[in-house]
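Work through the following exercises with the sequence and the model at hand. Each task is followed by a solution in steps.

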Amino acid sequence: MCGIFGYVSKNKTRAIPVILDGLKRLEYRGYDSSGIAAVVSGRILCKKKSGRIHEVEKILNNTWDSQAAIGHTRWATHGAPTDRNAHPHFDCSKKIYLVHNGIIENFRELKDRLLKRGHKFQSDTDTEVVAHLVEDFAKNEGVSFEEAVRLALKSIVGTYAFVFIHADHPGKIIVARNSSPLLVGFTDNEKYVASDASAVLPYTRKVVYLQDGEFAILTHNDFRIATLDRKAVLRNEERIEWSEDMVRKNNFPHFMLKEIFEEPEAVSNAIRGRLVLKDGLAKLGGLELVQNDLRKINRLILTACGTAYLAALVGEYMLEEYSGIPVETEYASELRYKKHNLDLKTALLAVSQSGETADTLGALKEIKRKGLLTLGVVNSIGSSIARETKAGVYNHAGPEIGVASTKAFVSQVAVMALLTLFLGRQRDMSLNTGRKISDELTKIPDKIKSILAGAKQIKKIADKYYKYENFLYLGRKYNYPVALEGALKLKEISYIHAEGYGAGEMKHGPIAMIDKDFPSVVIAPSDGMYGKVVNNIQEIKARGGKVIVVATKGNKEIAKIADDVIYIPETIEMLTPMLSVVPLHLFAYYVGVLRGNDVDKPRNLAKSVTVE
Ligand code: G6P
C-alpha cells in the first residue's frame, strides 16, 4: 500500500533513473498516482501525476543532476487520486519535500493549528501537514532540519514510513518508520530507501530494517539510526537472499501467470528439509524455541486477511481434524477489536505473505500485549509480523508481485499441513497417519505440475464463460475455503460478481440466484463429501444453471452431469486444496485477461494493505 523510494549518492547522474526503476518495482503497492522530487542546484524539482508511473515518466526531465531524490506510488486513502494529491508533498517554502506510506490520524487537528499559523495547503492529504509541521518547527524553534523532523514525528499520531529531502541539504535524506515497512539498502557510496526489498535488489543485497519509532539520517557514505528520543541505535546489516530473476516476469505475459506456474515450486520450497518421512514428522526450526510451550496450548487462534485468511481456514480444518487442538480462524480486522476471553494456554498464529498487513499486525500486537504466545507464517523475511511474533515458519515462496495472491496461498496451505504434522505428532497423531500425510505432501508439487500442463483446457473454458457477469463457487469441508478463494480471485481480477459458499449452504439462499445466466464452479473431488456435493450439482442443473466441476481424475460419471469438467489428481482429503485451487487461479487469470483487465494491478487493490 503506497510504495516509497529514496536515494542518495555521490554521483549526480543516477538519481532519476534509479528512482524511476525503484518505483516501477514498487508499483504493485499502489497505482493511483506517482511522483518524484529531487534536489537540483539548491532547489527542489518535482513532477507528479495521477495514473500509472509512465504518466510521470512522460513529463520527467531525465537530465536533472541530483544527489538526493525521493519517489512515491500511491494507493489513495485521504484525498482523491488527483495530480495535486499525488506525493511528494511540500511545505510553504518549497524547501522540504516528503513521501509517505501510512495514515496520520491527528492530521485534522494539526492542519487546523498550522492553518491558523498561516500555512497554505495545496492538497487534501493527511501527508502534507507533516511537511508544514517540519517547516514550522524549523522556523519557530530555530532548530536544524533533522531536529525539526524529529519534533514533527513526535507530534504525529498514526502510521508512517517517510522519506524527507531538503533544498538546503543536497546530499542528505531523512527517513522514519512507525508501523509501515521501510528498509535501507546500502553500498559504500549510495543509500537506497524502499518499502520492500524487491525494489533495491538490482543495486544491493545489504539492507538494514528500520523499526517502529526510529528515524535515520542518510548521506551517500554514512547512515545514523536513532529513536525519537535521540538514543543512537546500532543495527546489524542483513542480506537479501532473493535473486534479481525472482522479481522478473521472465517469459510470462504477467506476474500472476508466472506465479501460478511457480505453485509447484512454492510447495517444494515450503516443505524442503522439513519432513522426516520415516518418522512421519515435520521439523520446523523456527518453532524449536517454543516446542515445549506448544505442547501446553489448548486453543489456537489463526488470524489473517484476504487470501491468507482463506489459507488459514484450510489450516483450521487440518488442525482440528489431526492435531487435537481446538482451532478457530478470525479475520484480523475483527479479531483486533473483539473480546475473546483468552487464557494463557491460547496461542495466536498470524498468517501473512507480506508480513506487513496492518490489520494482521494490529491483531497480533493486541494479543501479544495480553501475554499470549504469538506465532507467524510469513513469506517476507524480516517483515514486521515476522519480527513481532515469538516464533514462526517462513514460507520461502519467493517474492510475489502480482497483486492477487496465488502461489502464496498454496505455500501457506503447505505450511499449515506441516504445522498439523508438527502439532499432531506432539499429541495423538499416529506414526502411520504422520507418514501418510508427509509422504503425500512430497507428491503435491508434481501433481500441481500435471494440472498446469492442462492450462490450455482451462483457457478454453474461460473463453466459453468470460462474458457472464455472475458466478457461484461451491465447495465443502476442506474445499469450502477453496470455493471462497476461487470467487475472491475472480472478483479481484475480472471484476465479475462471484460468491463463494459452502456447498451445503446453497439451498439456504444462493440457489435463488441460479438461472441459465448464473454459472457455478463446483469443487467435487472424490472424497468424503463427494455424494453430497453431487446432489448440489444436480440441484443447480435442475434449475437450468451451468456447472463447471473440479473433479478427481478417473471420475467419468461427473462428465455426464457437468457442462465442463477440470480434472485434478487424487490425494488425501486434507491436501486437496493445494490441487483444487490451481485450476481456479488459472480460470480467474484467463477470464481477467479476456476481459482486458490489468491482472497484475487490478483496480482499487494493493498488494500489501498497510493501513487499517
Ligand atoms: C491484500 C492483497 C491480497 C492478500 C491480502 C493479505 O488484500 O491484495 O492478495 O491476500 O492483502 O495480505 P498478506 O500480505 O497479509 O498475506
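**Exercise 1.** Which pocket is the space taken by the ligand?

Solution. This space is the largest pocket, a pocket being, on a 1 Å grid over the protein atoms alone, an open set of points with protein on both sides within 12 Å along at least five of seven lines. The model is predicted, so that local features need pLDDT of at least 70 and side-chain atom pairs count only at pLDDT 80 or more, while totals for chains, interfaces and linings use all residues. Residues are numbered from 1 along each chain as its sequence is written, and side-chain values use heavy atoms, with hydrogens and water left out.

**Exercise 2.** Describe the shell around the ligand and its polar contacts.

Solution. Start with the 13 residues that surround the ligand, the closest being Thr307, Ser352, Gln353, Ser354 and Thr357 (near means a heavy atom within 4 Å). Helix α9 (residues 306-322) supplies the largest share of this shell, three residues. Next, take the polar contacts (pairs of N or O atoms within 3.5 Å): a side-chain N or O atom of threonine 357 is 2.5 Å from an oxygen atom of the ligand, whereas backbone N or O atoms provide the contacts of valine 403, at 3.2 Å, and serine 405, at 3.3 Å.

**Exercise 3.** How are the rings of tyrosine 7 and tyrosine 192 arranged?

Solution. The whole structure holds 14 aromatic pairs (ring centres within 6.5 Å; planes under 30 degrees apart are stacked, over 60 edge-to-face and the rest tilted). For tyrosine 7 and tyrosine 192 the centres are 5.1 Å apart and the planes at 45°, so the pair is tilted.

Note on methods: Polar contact = N/O pair within 3.5 Å; in protein donor to acceptor, adjacent residues only side chain to side chain. 1 Å grid on protein atoms, 1.4 Å probe; cavity = no way out; pocket = protein on both sides within 12 Å on 5 of 7 lines; lining within 4 Å. Sits in = over half its atoms within 2 Å of the grid points. Helix = DSSP H or I, 4+ residues; strand = E, 2+ residues; numbered from the N terminus. Phe/Tyr/Trp six-rings, centres within 6.5 Å; stacked < 30°, edge-to-face > 60°.
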